[in-house]
Amino acid sequence: MGDAKEEEEEWPRCVGCGRRVKTLYVQYSPGNIRLMKCDTCKAVADPYIECEFMIILIDLILHKTRAYRHLLFNKLRIYSSLDKGVLVLSILTHIVLDACNKADGDSSISMFSAILNCSKVLGDALLGNIVFMAMLFLEVQFILKLSFDIRRYREVLLAVIISSYFKLFLMAMMVWEFPSSVIFFVEISVLSSNTVALRVVTEFSKAHCFGVCFGAHAARYLTERWLLGAP
């Protein structure tokens with residue numbers, strides 16, 4: 001009985017209503033598939049299966065809930081028994097992208113100074129993200145009232161980190177100069193994307209999810225600005 005319940009919990013989900021479905025499609029031959037319908041809403045469970053990546057990316061940027069359900073539940077399957085390496089790699093990538101935002105591109109300094117600067121930047125990014133994750137977990141527990149479950153909290157953390165894909169734009173700052181307004185736009189986009197992802201995973205209201213994400217981002221910001229003295 002328990003094994004059957006666990007198996008059902010790992011089923012994919014309908015991108016429209018969010019209900020679990022046994023299968024998203026039936027494949028008759030290579031390249032010949034039939035999309036299945038959701039038993040609850042009677043619509044095609046996941047039409048994104050036949051969409052190009054750019055269509056999915058555009059819908060993600062537009063913050064469409066359907067696209068986030070496809071990415072998190074059906075593509076990445078964050079609710080399943082993920083390899084721990086996926087979570088660790090995602091966290092490390094998140095830290096490195098934050099470090100890119102703080103890196104000093106001055107090429108006139110010595111190699112030793114560059115190494116020290118790099119170590120400080122990575123250390124600051126690490127501490128900022130530890131505060132971010134700690135505050136995220138505290139708010140999820142006390143604001144969203146989620147019972148402490150390692151698997152459930154791992155889903156929340158992975159969803160928030162993956163939905164921070166806007167930080168990839170910060171890598172361009174290693175090559176080109178951008179005004180501070182661009183950084184502000186990226187941070188706001190990350191906050192709004194995190195809110196949508198958290199809402200998809202927890203099924204709580206947008207206001208509650210925004211409050212949780214805003215609090216976590218604010219804690220990281222204050223840590224970096226006040227405690228670490230970041231510019």
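What follows is a walk through this structure, from the overall fold down to individual side-chain pairs. Keep in mind that the model is predicted.

Let's start with the whole chain. It has 8 helices and 2 strands, and reading along the sequence you get the pattern α-β-β-α-α-α-α-α-α-α. So once past the two strands, it's helices to the end of that pattern. Of the 231 residues, 37% are buried. About 13,700 Å² of the chain is exposed, and carbon and sulfur atoms supply 64% of that area. As for how the chain meets itself, take the contacts with a separation of 6 or more: 61% of them involve residues 24 or more positions apart.

Now go to helix α2, which covers residues 53-61. F53 sits in this helix, and with a relative accessible area of 58% it is exposed, since the cut-off for that is over 50%. F53 also belongs to a nonpolar surface patch of about 440 Å², which it makes together with M54, I58 and L62. In this part of the sequence you'll also find a salt bridge between D59 and K64, with the closest N and O atoms 3.6 Å apart. Its two partners differ in cover: D59 counts as buried at 11% relative accessibility, while K64 counts as partly exposed at 39%.

Further along, UniProt has something to add. An unreviewed entry there places the feature "transmembrane region" at residues 125-144 and 156-176. In the model, residues 125-144 are 90% helix and 0% strand, and the C-alpha atoms at the two ends are 27 Å apart.

That brings us to the aromatic side chains. A search of the whole structure turns up 3 aromatic pairs. One of them joins F137 and Y153, with 5.4 Å between the ring centres and 45° between the planes, which makes it tilted. F137 lies in helix α5 (residues 111-142) and Y153 in helix α6 (residues 150-162), so this pair ties together parts that are 16 residues apart in sequence. Y153 is buried, with a relative accessible area of just 4%, whereas F137 is partly exposed at 26%.

Stay in helix α6 for a moment and look at R152 and E155. They form a salt bridge, and their closest N and O atoms are 3.3 Å apart. Being 3 residues apart in the helix, they are separated by about one helical turn. E155 counts as buried at 9% relative accessibility, and R152 is partly exposed at 23%.

The last stop is helix α8, residues 206-227. Here F210 and F214 have their ring centres 5.8 Å apart and their planes at 25°, so this aromatic pair is stacked. The two residues are 4 apart in the sequence, or about one helical turn. Both rings keep some accessibility: F210 is partly exposed at 40%, and F214 is partly exposed at 47%.

Helix α8 also holds one end of a longer-range link. R220 forms a salt bridge with E187, the closest N and O atoms being 3.3 Å apart. With R220 in helix α8 and E187 in helix α7 (residues 180-202), this pair connects distant parts of the chain, 33 residues apart. R220 itself is buried, with a relative accessible area of 6%. The structure holds 4 salt bridges, among them this one.

Definitions and conventions
Residues numbered from 1 in each chain as written. Predicted model: local features only at pLDDT ≥ 70, side-chain atom pairs only at ≥ 80, totals over all residues. Heavy atoms only, no water. Patch = residues over 30% accessible without salt bridge, like charges linked within 9 Å, V, L, I, M, F, W, Y side chains within 5 Å. Areas by Shrake-Rupley, 256 points an atom, 1.4 Å probe, with all protein chains shown as cover. Salt bridge = Lys/Arg side-chain N within 4 Å of Asp/Glu carboxyl O. Buried < 20%, exposed > 50% of the residue type's maximum accessible area, 1.4 Å probe, protein only. UniProt positions renumbered as here; feature names shortened; annotations may be inferred. Contact = heavy atoms within 4.5 Å. Phe/Tyr/Trp six-rings, centres within 6.5 Å; stacked < 30°, edge-to-face > 60°.
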